[in-house]
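Please look through the structure below before reading on. The paragraphs that follow lead through its helices, salt bridges and nonpolar cores.

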Amino acid sequence: MTRLAARTTVLLTAVALVGTGAALLAGCSATPGGTDARADAGTGTSATAHATAGALGTGFSDPTPPPAPEATIHPEPGSWSGVHAPDGYDVVLLSDAGDADDAPTRTLLDAVTSWAADEDVTVTRVSATDADDRIAAVTRAVDERSDLVISVGNRMVDPLAAVSPSALHQQFLVVGAEIAEPTSNVTAADWTGGGFRGEGLGPSSHYDPSTFTEDRADRALRAGLAAVLHDLRGIVVWVR
C-alpha cells in the first residue's frame with residue numbers, strides 16, 4: 001500500500017468514527033492565536049491561564065520573527081524553567097495499552113505523572129485497548145475537553161495525525177515523537193534519538209530507546225508545555 005493510500009484509509013476511518021462530533025468541532029471558530037473561542041470554558045488555553053503561566057527565558061526561541069508552522073526550535077537548556085502550569089490546569093494523558101511493556105513509553109508516562117504531581121495538575125488517563133481502538137481513543141481524549149492532551153508512545157502518532165485536524169479547538173502535545181504534517185494545534189517535544197513520525201515514514205533522527213531517560217523526558221515535557229502556553233504551537237521543540 002502506498003503512503004498516500006494508507007493515509008487516506010486512516011483519515012476515512014477517523015471521519016467514520018468521529019461522525020457528527022467532527023462536524024461540530026469543525027464548526028468551532030478559532031481566534032488568530034490558534035485557540036478556540038470557547039477556551040475559557042475549558043478547551044484550549046484561556047487568556048487567564050496564559051497570563052499566569054510564567055515567562056519564557058532568554059534563548060527559548062527567536063521572537064523576530066516567531067517560528068513558522070512546522071518549524072523546529074532549539075531552546076537553550078533551562079529557558080523554560082520559569083513556565084509552570086496555571087492554576088486549575090487539566091490534561092488528558094493519551095497512550096496505548098499495548099505499550100505497557102515498552103520501556104520508552106513507560107518513561108514518558110512516569111514523567112507526565114511526576115510533572116503533574118509537582119505542578120498540581122489534574123490528569124485523566126485515556127488508553128487505547130488495541131489497534132482498532134486507537135482512533136476512538138483520540139476522540140475520547142478530545143471529548144474530555146481538557147486544556148491539553150499529552151500523547152506518548154509511537155502507536156498513537158498515526159491516530160492523532162488522523163483526528164487532530166478535525167479538533168482544531170483542542171491543543172495536543174506529543175512527547176518523544178512527532179507528526180509529519182501537524183496542524184496548528186499539535187506541538188511536539190523531541191530530541192536526537194526520538195523522532196518517530198508515523199508508519200511508513202523515517203524518524204527525524206536515529207531512533208534510540210536508550211535516550212528516553214527520566215531527565216530527558218521531563219525536560220521535553222516541560223519545554224513542550226512552555227511552547228504551548230506561550231502560543232508557539234504547531235512546531236517541534238527540540239531539546240538537548
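Just after helix α7, Asp 231 takes a positive phi of about 65°. This angle belongs to a predicted model, as does everything described below. Helix α7 itself covers residues 214–229, which makes 16 residues. From its first C-alpha to its last it reaches 23 Å, close to the 22 Å expected at 1.5 Å a residue.

How much of α7 is buried? The count is 12 of its 16 residues, so the helix is largely enclosed by the rest of the structure. Among the buried residues are Ala 217, Ala 220, Leu 221, Leu 225, Val 228 and Leu 229. The buried set also includes two arginines, Arg 216 and Arg 222.

Arg 222 forms a salt bridge with Asp 118, and the closest N and O atoms are 3.5 Å apart. Because Arg 222 lies in α7 and Asp 118 in helix α4 (residues 103–119), the pair ties together parts that are 104 residues apart in sequence. Asp 118 has a relative accessibility of 56%, so it counts as exposed, whereas Arg 222 is buried.

A salt bridge within α7 joins the side chains of Arg 219 and Asp 215, at 2.9 Å from N to O. These two are four residues apart in the helix, so about one helical turn separates them. Arg 219 counts as partly exposed because its relative accessibility is 22%; buried would require a value under 20%. Asp 215, at 47%, also counts as partly exposed.

The count of salt bridges comes to 10. Another of them is formed by Arg 155 and Asp 96, whose closest N and O atoms are 3.8 Å apart. This pair links distant parts of the chain, 59 residues apart. Arg 155 sits in the loop between β4 (148–152) and α6 (157–163), and Asp 96 belongs to strand β2 (residues 90–96). Asp 96 is buried, with a relative accessible area of 5%, while Arg 155 is partly exposed at 38%. Both residues are part of a network of salt bridges that also takes in Asp 99 and Arg 134.

Arg 134 leads to helix α5 (residues 134–143), where it is one of the buried residues. Seven of the 10 residues of α5 are buried, so this helix too is largely enclosed by the rest of the structure. Besides Arg 134, the buried residues are Ile 135, Ala 137, Val 138, Thr 139, Ala 141 and Val 142. After α5 comes Arg 145, with a positive phi near 55°.

The next topic is the nonpolar cores. In soluble globular proteins, nonpolar side chains tend to be buried together. Here the largest nonpolar core holds 37 residues, and those touching the most other members are Tyr 89, Trp 115, Leu 148, Ile 150 and Val 175. Two or more residues come from each of β2, α4, β4, β5 (172–175) and α7. Which element gives the most to this core? That is α7, with nine residues.

Leu 148 shows how such contacts bring together separate stretches of sequence. Leaving out residues up to four places away in sequence, Leu 148 touches Tyr 89, Asp 90, Val 91 and Val 92, and also Gln 170, Gln 171, Phe 172 and Leu 173. Its remaining contacts are Leu 225 and Val 228. Apart from this core lies another, of 25 residues, which includes Ala 137, Leu 160, Ala 167 and Ala 188. Ala 137 is also one of the buried residues of α5.

Technical notes
Residues are numbered from 1 along each chain as its sequence is written. This is a predicted model: local features need pLDDT of at least 70, side-chain atom pairs count only at pLDDT 80 or more; totals for chains, interfaces and linings use all residues. Side-chain values use heavy atoms; hydrogens and water are left out. The expected span of a helix is 1.5 Å times one less than its number of residues. Buried means under 20% relative accessible area, exposed over 50%, partly exposed in between (1.4 Å probe, protein chains only). A salt bridge is a side-chain nitrogen of Lys or Arg within 4 Å of a carboxyl oxygen of Asp or Glu. A nonpolar core is a set of buried Ala, Val, Leu, Ile, Met, Phe, Trp, Tyr and Cys residues joined through side-chain atoms within 4.5 Å. Contact means heavy atoms within 4.5 Å.
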